[in-house]
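Q: Could you take me through one part of this model up close? I'd like to start with a single helix residue and then see the sheet and what packs around it.

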Amino acid sequence: MSDEQPVGLHCFAHAGAGVSCYYGWHRELGEGVASTAHLLPGRERRRREPRLTGRDELVADLLGHFTPPARPGTPWVLYGHSLGALVAYTLTRALHEAGLPLPALLAVGACPPPDAASDLSDSCTASDERLLPLLDAAGAVPPGAAPGGLWHRAVMPVLRDDLTLADALRRAARQPSPAGPLPVPMLCVAGRDDPLAPPAVVAGWSRWTAARAVARTVPGDHFFVRGRELPRLVGRACRVVRRTTAGGAAPVAAGAGR
């Protein structure tokens with residue numbers, strides 16, 4: 001493995017977040033995997049850019065950053081957590097519809113599939129009084145966050161726009177694709193104690209690919225992305241991809257760290 005080009009792992013984060021949840025992943029992924037966390041507009045170093053709330057603008061922001069590699073035959077993988085799962089699926093479908101090379105594996109976590117109910121994205125236009133208890137039950141509201149305080153002023157607007165984006169991506173996914181079903185294998189990961197996307201619901205992503213789908217459960221609640229089990233699982237999956245993928249040009253995402 002050490003003499004081979006590493007598998008490229010491209011990650012997308014949950015609603016309201018930047019990419020800090022992936023900062024420690026390199027310690028747990030294991031050998032032969034090189035990870036890149038992709039930052040959406042409107043947060044961290046892209047905070048001055050308008051946030052995205054629709055599918056077309058999301059695809060326009062991402063698609064040009066996935067190009068054929070300098071070293072053909074190197075596989076790559078997408079992982080998205082919660083909102084990020086919908087982003088990763090949308091990107092994969094857009095690549096498929098554009099006739100571009102596809103990831104060797106699409107991994108999704110902590111997200112109901114587009115044809116299942118989603119408490120948060122279904123409440124994207126709800127009042128704070130209705131939305132905040134859902135966020136609190138999921139562990140998204142920090143202890144002591146008071147109405148009108150810094151968290152509410154800084155994070156809630158981002159969360160609301162991200163939930164609007166999630167709702168738009170779910171609606172778009174339910175429309176038939178001119179390219180047909182995705183031919184990409186999927187890894188569907190759920191947190192054992194996740195109230196928003198329990199294991200039986202996350203396993204429903206298997207309906208969204210024509211290839212093989214594997215469901216796995218790891219310890220934790222909705223934010224199991226912060227634990228050690230998920231990157232270890234994804235790292236093992238990347239090494240399986242490396243062993244079983246031969247030939248064929250696979251793209252590498254340009255603009256590392258976006």
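A: Let's start with R170, which sits in helix 6 (residues 156-173); helices here are DSSP runs of H or I with at least four residues, strands are runs of E with at least two, and both are numbered from the N terminus. Keep in mind that this is a predicted model, where local features need pLDDT of at least 70, side-chain atom pairs count only at pLDDT 80 or more, and totals for chains, interfaces and linings use all residues. Residues are numbered from 1 along each chain as its sequence is written, and side-chain values use heavy atoms, with hydrogens and water left out.

Is R170 buried or exposed? R170 has a relative accessible area of 4%, so it counts as buried (buried is under 20%, exposed over 50%, partly exposed in between, with a 1.4 Å probe and protein chains only). Setting aside neighbours within four places in sequence, R170 is in contact with L86, P112, P113, P114, A116, A117, S118, S121 and D122, where contact means heavy atoms within 4.5 Å.

Now for the sheet. It is an open one of 6 strands in the order 2-1-4-5-6-7, with parallel pairing; two strands pair if DSSP finds at least two bridges between them. Strand 2 (33-37) and strand 7 (213-218) are at the edges with a single partner strand each, so one side of each has no neighbour in the sheet. From one strand to the next, the twist averages 20 degrees; axes are lines fitted to C-alpha atoms, for helices over the stretch in contact, and angles run from 0 to 180 degrees between N-to-C directions.

Inside the sheet, strand 5 (residues 105-109) pairs with strand 6 in the parallel sense over 4 bridges. G109 has V189 of strand 6 as its bridge partner. Helix 8 (residues 229-244) packs on this sheet and touches strand 1 (7-12), strand 2, strand 4 (76-81), strand 5, strand 6 and strand 7. The direction of helix 8 makes about 155 degrees with that of strand 4.

Follow the chain past strand 6 (186-191) and you get to D193, in the loop between that strand and helix 7 (199-202). With 54% relative accessibility, D193 counts as exposed. Not counting residues up to four places away in sequence, D193 touches G220 and D221. Its C-alpha atom is 9.6 Å from that of T217, a residue 24 places away along the chain.
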